Amino acid sequence: FRQIQQGINQTDKTFALLLLKTASGVYYVDSVTENFLASGYRDEKTGKSAPDLFKELDGKCVVIKELGTVFSLRADKVKKFLGDLQAIYDREYHKLTGSVGAIHGKAAFSIVACVTPATLRDHQEYMNRIGPRFLTYRPPQLTEEEEEEGLDMGWETSNRKTVLDDLRQLVAEHLSACAKSPVNL
């Protein structure tokens, strides 16, 4: 685990999420827009509506490599996005659009996403308004020796792909075992 943490701290903030990419029950994306759950878009040529993604996500874990794309939008769009997440957290989603009318349904899913601490701080007020629905994690600081070891591992390219593939497989197997085990409160 410490080697994974060194990789997380030394390569980039998304290293751990990339390990989840192939796990069962994970819906992996690089980034999302503020309307990723249900856009209300209708193709003018075909008349077909865009699919409501939130229904497809039911029971899954959405892994978003970069959430900063949404948090970099205007404040009103960020508030709307967080409001949509709150509705999903409450397991129901109802949205009225001018192009397709009502979009609604029930779904429950978790989201794991990366965002820089500075970006997160900029929107902490809005996140606090919708209550304790977000858990944040920052890896602890490494010692100089751990940083050096992590950099050495990051620059080692001879077997990097094999090591990452093996690590992804181990993470996927572990998550699968966790999902199958009963919850003991």
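Begin with the whole protein chain in view: among contacts (heavy atoms within 4.5 Å) between residues at least 6 apart in sequence, 75% join residues at least 24 apart. The model is predicted; local features need pLDDT of at least 70, side-chain atom pairs count only at pLDDT 80 or more, and totals for chains, interfaces and linings use all residues. Residues are numbered from 1 along each chain as its sequence is written, and side-chain values use heavy atoms, with hydrogens and water left out.

Next, colour the protein chain by secondary structure. Nine helices and five strands appear, in the order α-α-β-α-β-α-α-β-β-β-α-α-α-α from the N terminus. Helices (H or I, at least four residues) and strands (E, at least two) are DSSP runs, numbered from the N terminus. Of the 185 residues, 31% count as buried, where buried means under 20% relative accessible area, exposed over 50% and partly exposed in between, with a 1.4 Å probe and protein chains only.

Now select Leu37, Phe54, Phe71, Phe81 and Leu82. Of the 26 residues in the largest nonpolar core, these touch the most other members. A nonpolar core is a set of buried Ala, Val, Leu, Ile, Met, Phe, Trp, Tyr and Cys residues joined through side-chain atoms within 4.5 Å. At least two residues of this core come from each of α3 (53-56), β2 (61-64), α4 (68-71), α5 (75-89) and α7 (124-129). The largest share, five residues, is supplied by α5.

Centre the view on Phe71. Leaving aside neighbours within four places in sequence, Phe71 is in contact with Val78, Leu82, Val115, Thr119, Leu120, His123 and Met127. Apart from the largest core lies another, of 14 residues, including Leu20, Cys61, Leu164 and Leu167.

Proceed to strands β3 (residues 92-97) and β4 (residues 101-106). These strands form a hairpin with three residues between them, and they pair in the antiparallel sense over six bridges; two strands pair if DSSP finds at least two bridges between them. Within this hairpin, His94 stands opposite His104 in β4. Select the covered face of β3, Tyr93, Lys95 and Thr97, and then the uncovered one, Glu92, His94 and Leu96. In a regular strand the side chains alternate between the two faces of the sheet.

Finish at Glu146, in helix α8 (residues 144-155). Is Glu146 buried or exposed? Glu146 is buried, with a relative accessible area of 16%. The side chain of Glu146 reaches the backbone nitrogen of Thr143 at 2.9 Å.

Definitions and conventions
A polar contact is a pair of N or O atoms within 3.5 Å; within protein, one must be able to donate a hydrogen and the other to accept it, and residues adjacent in sequence count only if both atoms are side-chain atoms.
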